[in-house]
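User: I would like to go through this structure by asking what justifies each label attached to it. Please set the values against the cut-offs wherever a conclusion depends on one.

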Amino acid sequence: MRAKISRFAPAFSRGAAVLASSVLFGACGGESPAPEPEVVSEVMPPTEAPLPQLLAPPPGMGEPGVRQVAPGRFEAVIYASDLGFEPTEIRVPVGAEVIFKLTSRDQPHGFMIEATPVAFDVFPEGIAEATHTFTEVREHLVICHVYCGGGHEGMRAKVIVEAADDG
């Protein structure tokens, strides 16, 4: 069976709402609301969003990049921030032992290399390290596995393990 609704029900509901808000407003000792501000039609030039303020790297961190520190041993210095990882590409020869040395320039981040046991958190003004030896030629995706805000999905890098140069 279908309920019959009076054609005056919507008007009654609106009237009741107006009456209730008037009573509440008066009971709270309020004054009349301020008039709406005048709408001005002015075209404003677009502004660029300011870049986030990045923290200085901790002492001993060094410049971002990959360098050979001994035969068969490399150091990858990586900076994490909402802007991503720097560098975004790390190239090492197969069989190389790589020391990953990270810091965060703004907030906590994660660093995880797929298909390896390398996964750790990195914090602002701190240095986190992990060592891994790559035994096969392939490309590994690196992601931030700690949710870090709006740029989180863009925090990607690659470790590219190349055939050894027998020179």
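User: What does the side chain of Thr116 reach, and what makes that a polar contact?

Analyst: In this predicted model, the side chain of Thr116 reaches the backbone oxygen of Ile113 at 2.8 Å. A polar contact requires a pair of N or O atoms within 3.5 Å, one able to donate a hydrogen and the other to accept it, so the 2.8 Å separation satisfies the distance condition.

User: Where does Thr116 lie, and why is Thr116 called buried?

Analyst: Thr116 lies in the loop between strand 6 and strand 7. Its relative accessible area is 15%, and since buried means under 20%, Thr116 is called buried. Leaving out residues up to four places away in sequence, Thr116 touches His132, Phe134 and His140.

User: Why does Ala115 count as exposed, and what is said of its phi?

Analyst: Ala115 is also found in the loop between strand 6 and strand 7. Its relative accessibility is 61%, and exposed means over 50%, so Ala115 counts as exposed. Phi of Ala115 is near 60°, which is a positive value in a residue other than glycine.

User: Where is Glu125 placed, and what makes Glu125 exposed?

Analyst: Glu125 sits in the loop between strand 7 and strand 8. With a relative accessible area of 57%, set against the cut-off of over 50%, Glu125 is therefore exposed. Glu125 is not a glycine, although its phi is positive at about 65°.

User: Why is Asp82 described as partly exposed?

Analyst: The relative accessible area of Asp82 is 28%, which falls between the limit of 20% for buried and that of 50% for exposed, so the label is partly exposed. Asp82 belongs to the loop between strand 2 and strand 3 (84-86).

User: How do you know that Asp82 and Gln107 make a polar contact, and which other residues does Asp82 contact?

Analyst: The side chains of Asp82 and Gln107 are joined at 2.6 Å, and the limit for such a pair is 3.5 Å, so the distance qualifies as a polar contact. Neighbours within four places in sequence aside, the contacts of Asp82 include Asp106, His109, Cys148 and Gly151 in addition to Gln107. The C-alpha atoms of Asp82 and His152 are separated by 6.9 Å, although these residues are 70 apart along the chain.

User: Which strands stand at the edges of the five-stranded sheet, and why?

Analyst: The sheet is open, has mixed pairing, and runs in the order 4-10-9-6-7. Strand 4 (89-93) and strand 7 (119-122) stand at the edges because each has a single partner strand, so that one side of each is left without a neighbour in the sheet. From one strand to the next, the twist averages 20°.

User: What makes strand 4 and strand 10 a pair?

Analyst: Pairing requires at least two bridges, and strand 4 and strand 10 (residues 156-162) have five, in the parallel sense, so they count as paired. Ile90 has Val159 as its bridge partner in strand 10, while Arg91 stands opposite Ile160 in that strand.

User: How do the side chains of strand 4 alternate, and which of them are buried?

Analyst: Ile90 and Val92 point to one face and are buried, whereas Glu89, Arg91 and Pro93 point to the other face and are not buried. Just ahead in the sequence, Pro87 is found in the loop between strand 3 and strand 4, and the peptide bond that joins Glu86 and Pro87 is cis, with omega at about 5°.

User: Which residues have the most contacts inside the largest nonpolar core?

Analyst: That core has 26 residues, and those with the most contacts inside it are Phe85, Val92, Phe100, Phe111 and Val159. Strand 2 (73-81) gives the largest share, four residues. The residues touched by Phe100, when those up to four places away in sequence are not counted, include Ile90, Phe111, Phe134 and Val159.

User: How many helices and strands does the protein have, and what percentage of its residues count as buried?

Analyst: The protein has one helix and ten strands, and 29% of its 167 residues count as buried. Among contacts between residues at least 6 apart in sequence, 58% join residues at least 24 apart.

Technical notes: Residues numbered from 1 in each chain as written. Predicted model: local features only at pLDDT ≥ 70, side-chain atom pairs only at ≥ 80, totals over all residues. Heavy atoms only, no water. Axes fitted to C-alpha atoms, helices over the stretch in contact; angles between N-to-C directions. Core = buried A, V, L, I, M, F, W, Y, C linked by side-chain atoms within 4.5 Å. Buried < 20%, exposed > 50% of the residue type's maximum accessible area, 1.4 Å probe, protein only. Contact = heavy atoms within 4.5 Å.
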